[in-house]
Amino acid sequence: MKRVQFSSYFTQWFFVAPQLIIIIIFLYIPIVQTFRDAFTSQDPFGFSSTFAGLDNFRYTFSDPNYLIALKFTCIMMVVVTFLSMALGLLLAVQANNVIHGKSAYKTLLIWPYAIAPAVVGLTATYFFSERLGLMYAVFHDLWGFNWMNNPIDAYIYVFIAATWKQISANFIFFLAGLQSIQKQIIEASLIDCKSSFRRFWTVTFPLLMPTTFFLLIINITYAFFDTLGIIDTTTLGSPGGETKTLVFKSYLDGFIGMDLGAAGAQSIIMMLLVLIICVFQFRFIDRKVHYN
Amino acid sequence: MSVNFSQILIHLILVLGLLLMIIPIWMTFASSTHDNSTILSEGMQMGLGNHFIENYYRVLNIKSGFFEGISASSMFINSFIMAFGIATLTVLTSIMTAYAIVYFKFKFAVPIFWIFF
């Protein structure tokens, strides 16, 4: 790659300046503020604060509500990621192999991607709420579905809403990844292996690993952070706080409960968790991904 | 004949996925064409009613909501301005920074990259 490099000193800072200013104002100063909040204990209106060491962290870890939220967030991350990626991959493979009507299927399967999480939650209440829900009566007769009392039913409710939105996002990325696989490789594998099922798992899927890795990060981020809109409009952490995610709990504590110290501590713990997950992914999984 | 069968299977799976994706959207749209009392008494509808024009006119033009202050068409305009502005500004600032990192002999190129990443 031929690169022309200029060496003037001031012009380069002029180019970088807008983004640097925006990032410092909107990202780094709030991070410093969060650290300050997490290590102090404040009165509810912010008039005074005293340094409190690790008290907020100690309080957070000994709070049973927090541990319940942690458990729910981890379960949601695994279930929603796995389900939405599996279904997205299934639909993408079928849409890649269909002969007639490819673009019609593509267009119609993408629509949920454009819907904001809060609206997804609202649509889910149209299905599952007791008064208006279409499926509520059906499920209630089948096994006594009652998401306000039974945590497993509430899990099902939230997982269906969260997965529904991500299936179309995964579908479009998997389809793009499948279409970028070269035809010669597929034709060569047709000679070697008769069973299309084995062909998929030994040839096509390893070639999809960059897309899968990218989607894994996107899905984990979604399950951690973007499901706030869904939970806020569907269950509000309903059966005794069983469906609160970490983000939702820190939102409730910080903005509605006005306990900025605990919310700050929870935010820092969340940041560390996501950092650990990303480092883990980059170290162990990125080695197996072959970029060409 | 076996090629035909596998194509039928593919179409079947795709149609099932399609139904899963589209039914909530269709139900929301179909319910929006009904009267308020119909929905309260019978639940969400799957068929089209005949209150389409009235409902959409009310939503788009009559100020309603929590403080009786805004109509949906104003919200549309707000969203459009925000989305357009945010997209444009994001692309502009990112292009400028990326250009600077690539085309200038930058002593702090790597730290700047990791700050933004």
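Biologist: How do you know that the 12 residues of helix H9 (residues 196–207) of chain A have the span they should?

Modeller: The expected span is 1.5 Å times one less than the number of residues, so H9(A) should cover 16 Å, and its end C-alpha atoms are 15 Å apart, which agrees. A helix here is a DSSP run of H or I with at least four residues, numbered from the N terminus. Mind you, this is a predicted model: local features need pLDDT of at least 70, side-chain atom pairs count only at pLDDT 80 or more, and totals for chains, interfaces and linings use all residues. Residues are numbered from 1 along each chain as its sequence is written, chains are lettered from A in the order in which they are written, and side-chain values use heavy atoms, without hydrogens and water.

Biologist: Which residues of H9(A) are buried, and what makes you say they line one face?

Modeller: They are Arg199(A), Phe200(A) and Thr204(A). Buried means under 20% relative accessible area, exposed over 50%, and partly exposed in between (1.4 Å probe, protein chains only). Seen down the axis of H9(A), the buried residues fall within an arc of 95°, so they line one face; the arc is that of the directions from the helix axis to the C-beta atoms. The face turned away from the buried side carries exposed Arg198(A) and Thr202(A).

Biologist: Why is Lys249(A) called buried?

Modeller: Its relative accessible area is 6%, so Lys249(A) counts as buried. Leu67(A), in helix H3 of chain A, has 43% and is therefore partly exposed.

Biologist: What makes Lys249(A) and Asp63(A) a salt bridge?

Modeller: The rule asks for a side-chain nitrogen of Lys or Arg within 4 Å of a carboxyl oxygen of Asp or Glu. The closest N and O atoms of Lys249(A) and Asp63(A) are 3.8 Å apart, and the pair forms a salt bridge. Lys249(A) lies in helix H12 (residues 246–256) and Asp63(A) in the loop between helix H2 (55–61) and H3 of chain A, so the pair ties together parts 186 residues apart in sequence.

Biologist: Which other side chain does Lys249(A) meet in a salt bridge?

Modeller: Asp253(A), at 3.1 Å, N to O. Lys249(A) and Asp253(A) are 4 residues apart in H12(A), so about one helical turn separates them. Asp63(A), Lys249(A) and Asp253(A) are linked in a network of salt bridges.

Biologist: How many salt bridges are there between chain A and chain B?

Modeller: The count there is 0. The area buried between the two chains is about 3900 Å², with carbon and sulfur atoms giving 78%; that is the accessible area (1.4 Å probe) lost on putting two parts together, summed over both.

Definitions and conventions:
Helices (H or I, at least four residues) and strands (E, at least two) are DSSP runs, numbered from the N terminus.
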